[in-house]
Amino acid sequence: MVDSAIEHVKILEDLDYTNMLISLKSSDVKATIEAYRLMSKTVNYPLHLGITHSGTFLTGTIKSAMGLGGLLADGIGDTVRVSLTADSKEEIKVAKEILSGLDLRTFGIKYITCPTCGRTRINIIELSQKIQSALERINKPITVAIMGCAVNGPGEAKEADIGIAGGIGEALLFKKGEIICKIKEENIIETLVNEISKM
Ligand code: SF4
């Protein structure tokens with residue numbers, strides 16, 4: 001793949017044309033990573049990253065995150081494309097998550113969500129989805145934590161700008177690890193949205 005691409009680069013260079021961007025897409029993650037690593041050492045043109053035919057939403061997201069994420073973390077890659085057998089809007093969301101996960105770009109709110117454990121006192125999966133939907137249109141670089149218990153939640157997410165830690169029928173609202181107030185479960189989303197709007 002790399003040899004073939006370099007041949008084509010030479011054809012263009014022989015025509016004094018250098019305004020190019022190179023793509024070496026494959027559906028094989030390891031082959032893609034190795035090809036781009038080799039290409040980045042061989043030529044000095046911008047590289048367009050992608051795992052092609054990567055699969056359905058879950059498989060394709062994981063393969064794209066591994067391939068694109070691994071290369072971007074090494075400083076390789078200038079543009080990206082996520083290709084999923086899914087709604088094309090999902091491709092954009094996945095690409096944004098890959099870039100923001102590496103702090104290469106920010107696209108609004110970043111989330112810290114607890115993975116749940118025996119201490120979880122609230123339906124954190126449902127709550128996380130509802131909070132993320134409610135805050136979807138906020139385009140500020142704020143870190144929001146959604147934690148499952150008041151014992152460890154505020155401390156585990158102390159780097160978050162704001163967050164909630166669930167209890168039974170209620171939650172604690174905290175900012176930078178400091179507890180601000182207690183809120184009833186039915187008011188969690190409204191209170192969080194209001195507080196974030198003030199920020
Ligand atoms: S925040 Fe609480 S519920 Fe969530 S993982 Fe940590 S200890 Fe468990």
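V144 finds its bridge partner in strand 6, at I162. In this predicted model, that bridge belongs to a longer match: strand 5 (residues 143-147) and strand 6 (residues 162-166) run in the parallel sense and share 4 bridges. Both strands belong to an open sheet of 5 strands, whose order is 4-5-6-7-8 and whose pairing is mixed. At its edges stand strand 4 and strand 8 (178-184), each with a pairing on one side only. On average, neighbouring strands of this sheet are turned by 20° against each other, if direction is ignored. Across strand 4, strand 5 and strand 6 lies helix 5 (residues 124-134), and its direction makes an angle of about 155° with strand 5.

Let us now walk back along the chain to another sheet. This one is open as well, with 3 strands in the order 1-2-3 and parallel pairing. Strand 1 (22-23) and strand 3 (79-82) are the edge strands, and each of them pairs on one side only. As a reminder of what holds such an arrangement together, strands of a sheet pair through backbone hydrogen bonds, either parallel or antiparallel.

How many bridges join strand 1 to strand 2? There are 2, connecting strand 1 with strand 2 (residues 47-51) in the parallel sense. You can pick up this pairing at I22, whose bridge partner in strand 2 is L47. Strand 2 and strand 3 are also parallel, and here 4 bridges link the pair. Two places help you follow the register: L49 has V80 in strand 3 as its bridge partner, and I51 stands opposite V82 of that strand.

Next come the connections. From strand 1 the chain passes through helix 2 to reach strand 2, a β-α-β crossover that is right-handed. Helix 2 (residues 29-42) lies across strand 1 and strand 2, and it runs at about 170° to strand 2. Then strand 2, helix 3 (residues 57-73) and strand 3 form a β-α-β unit, which is right-handed too. Which residues of strand 3 point to its covered face, and which to its uncovered one? V80 and V82 make up the covered face, while T79 and R81 make up the uncovered face.

On the way from strand 2 to helix 3, the loop between them holds H53. This residue is worth a pause, since most residues other than glycine have a negative phi, and most peptide bonds are trans. H53 is not a glycine, yet its phi is positive, at about 45°. It counts as partly exposed because 13 C-beta neighbours lie inside 10 Å of H53.

Once in helix 3, look for T59. Is T59 buried or exposed? T59 is exposed, because 12 other C-beta atoms lie within 10 Å and a residue with 12 or fewer falls into that class. T59 also takes part in a longer-range approach: its C-alpha atom and that of L84 are 8.6 Å apart, although the two residues are separated by 25 residues along the chain.

Helix 3 has a helical partner as well. Two packed helices are described by the angle between their axes and the distance between the axes. For helix 3 and helix 4, the angle is about 35° and the axes are 10 Å apart. Their crossing is right-handed. Which residues meet there? From helix 3 come F57, T61, S64, A65, L68 and G69, and from helix 4 come E90, V94, I98 and G101. Sorted by class, this contact contains 5 nonpolar, 4 polar and 1 charged residues.

Follow the chain out of helix 4 (88-101) and you enter the loop that leads to strand 4 (110-113), where D103 sits. D103 is another residue other than glycine with a positive phi, in this case near 60°. Why does D103 count as exposed? The reason is that D103 has 8 C-beta neighbours inside 10 Å, and the cut-off for exposed is 12 or fewer. Past this loop comes strand 4, an edge strand of the sheet with the order 4-5-6-7-8, which brings us back to where the tour began.

Note on methods:
Residues are numbered from 1 along each chain as its sequence is written. This is a predicted model: local features need pLDDT of at least 70, side-chain atom pairs count only at pLDDT 80 or more; totals for chains, interfaces and linings use all residues. Two strands pair if DSSP finds at least two bridges between them. Two residues are in contact if their C-beta atoms, placed from the backbone, lie within 7 Å. Axes are lines fitted to C-alpha atoms, for helices over the stretch in contact, and angles run from 0 to 180 degrees between N-to-C directions. A residue is buried if 20 or more other C-beta atoms lie within 10 Å of its own, exposed if 12 or fewer, and partly exposed in between; C-beta atoms are placed from the backbone. A crossover is right-handed if, with the strands pointing away from the viewer, the path from the first strand over the helix to the second runs clockwise. A crossing is left-handed if the near helix is turned anticlockwise from the far one by less than a right angle, and right-handed if clockwise. Ala, Val, Leu, Ile, Met, Phe, Trp, Tyr, Cys and Pro count as nonpolar, Asp, Glu, Lys and Arg as charged, and the others, Gly among them, as polar.
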